[in-house]
Amino acid sequence: MKFAKKTIQKMDECVEQGFKIIVGNNPYMDSFKKWANHDLILLARTNSRTHGYCIRTVWAIKIRG
């Protein structure tokens, strides 16, 4: 996968802080009960060029505490 330079910088900063990177297509991951005890940071969101819906997201995730 190709990422923008800014996204790569954000990913590197978050990994240094102890976060794990998740690449998927769930733009509402932070509102699910499964991730309630985690710190989530949305690093990048890619929308479809023709339809406008989300086709890829990049999240940084770390367990609280």
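Q: Why does C54 count as buried?
A: Buried means under 20% relative accessible area, exposed means over 50%, and partly exposed is in between (1.4 Å probe, protein chains only). C54 comes in at 14%, so it counts as buried.

Q: What kind of model is this, and how are its residues numbered?
A: It's a predicted model, where local features need pLDDT of at least 70 and side-chain atom pairs count only at pLDDT 80 or more, while totals for chains, interfaces and linings use all residues. Residues are numbered from 1 along each chain as its sequence is written, and side-chain values use heavy atoms, with hydrogens and water left out.

Q: What makes N47 partly exposed, and H38 buried?
A: N47 has 41% relative accessibility, so it falls in the in-between class, partly exposed. H38 has a relative accessible area of 14%, so it is buried. Both sit in strand 2: N47 is placed there, and H38 lies there too.

Q: Which residues does each of those two touch?
A: Contact means heavy atoms within 4.5 Å. Leaving out residues up to four places away in sequence, N47 touches G52, Y53, C54 and I55. On the same terms, H38 touches I61, K62, I63 and R64.

Q: How many disulfides are there, and what is the rule?
A: A disulfide is a pair of cysteine sulfur atoms within 2.5 Å. By this rule the count is zero. For C14, the nearest cysteine sulfur is that of C54, 18 Å away, and C14 is in no disulfide. The pair is out of reach of the 2.5 Å rule, so no disulfide is counted. C14 is also buried, with a relative accessible area of 7%.

Q: What makes up the largest nonpolar core?
A: A nonpolar core is a set of buried Ala, Val, Leu, Ile, Met, Phe, Trp, Tyr and Cys residues joined through side-chain atoms within 4.5 Å. Here the largest one has seven residues: M11, C14, F19, L43, A44, V58 and A60. Helix 1 (5-16), strand 2 and strand 3 each give two or more residues to this core. In soluble globular proteins, nonpolar side chains tend to be buried together. One of the core residues, F19, touches C14, D39, I41, A60, I61 and K62, not counting residues up to four places away in sequence.

Q: How many helices and strands does the protein have, and what counts as one?
A: Helices (H or I, at least four residues) and strands (E, at least two) are DSSP runs, numbered from the N terminus. The protein has one helix and three strands, and they run α-β-β-β from the N terminus on.

Q: How do you know that strand 2 and strand 3 pair?
A: Two strands pair if DSSP finds at least two bridges between them. Strand 2 (residues 38-47) and strand 3 (residues 54-63) have nine bridges, and the sense is antiparallel. Nine satisfies "at least two", so they count as paired. Looking across, D39 stands opposite K62, L40 has I61 as its bridge partner, and R45 stands opposite T57. The hairpin of these strands has six residues between them, and G52 takes a positive phi near 85°.

Q: What about strand 1 and strand 3: how many bridges join them?
A: Five bridges join them, and the two run antiparallel. With at least two bridges needed, five is enough, so they pair as well. K20 has I61 in strand 3 as its bridge partner.

Q: Why is one side of strand 1 and of strand 2 left without a neighbour in the sheet?
A: The three strands form an open sheet in the order 1-3-2, with antiparallel pairing. Strand 1 (20-24) and strand 2 stand at the edges, each with a single partner strand, so each has one side without a neighbour. The twist averages 20° from one strand to the next. Axes are lines fitted to C-alpha atoms, for helices over the stretch in contact, and angles run from 0 to 180 degrees between N-to-C directions.

Q: Where does helix 1 lie?
A: Helix 1 lies across strand 1, strand 2 and strand 3, and runs at about 170° to strand 2.

Q: What is the confidence like?
A: pLDDT is the predictor's confidence in each residue, from 0 to 100. The average is 93, and 100% of the residues score at least 70.
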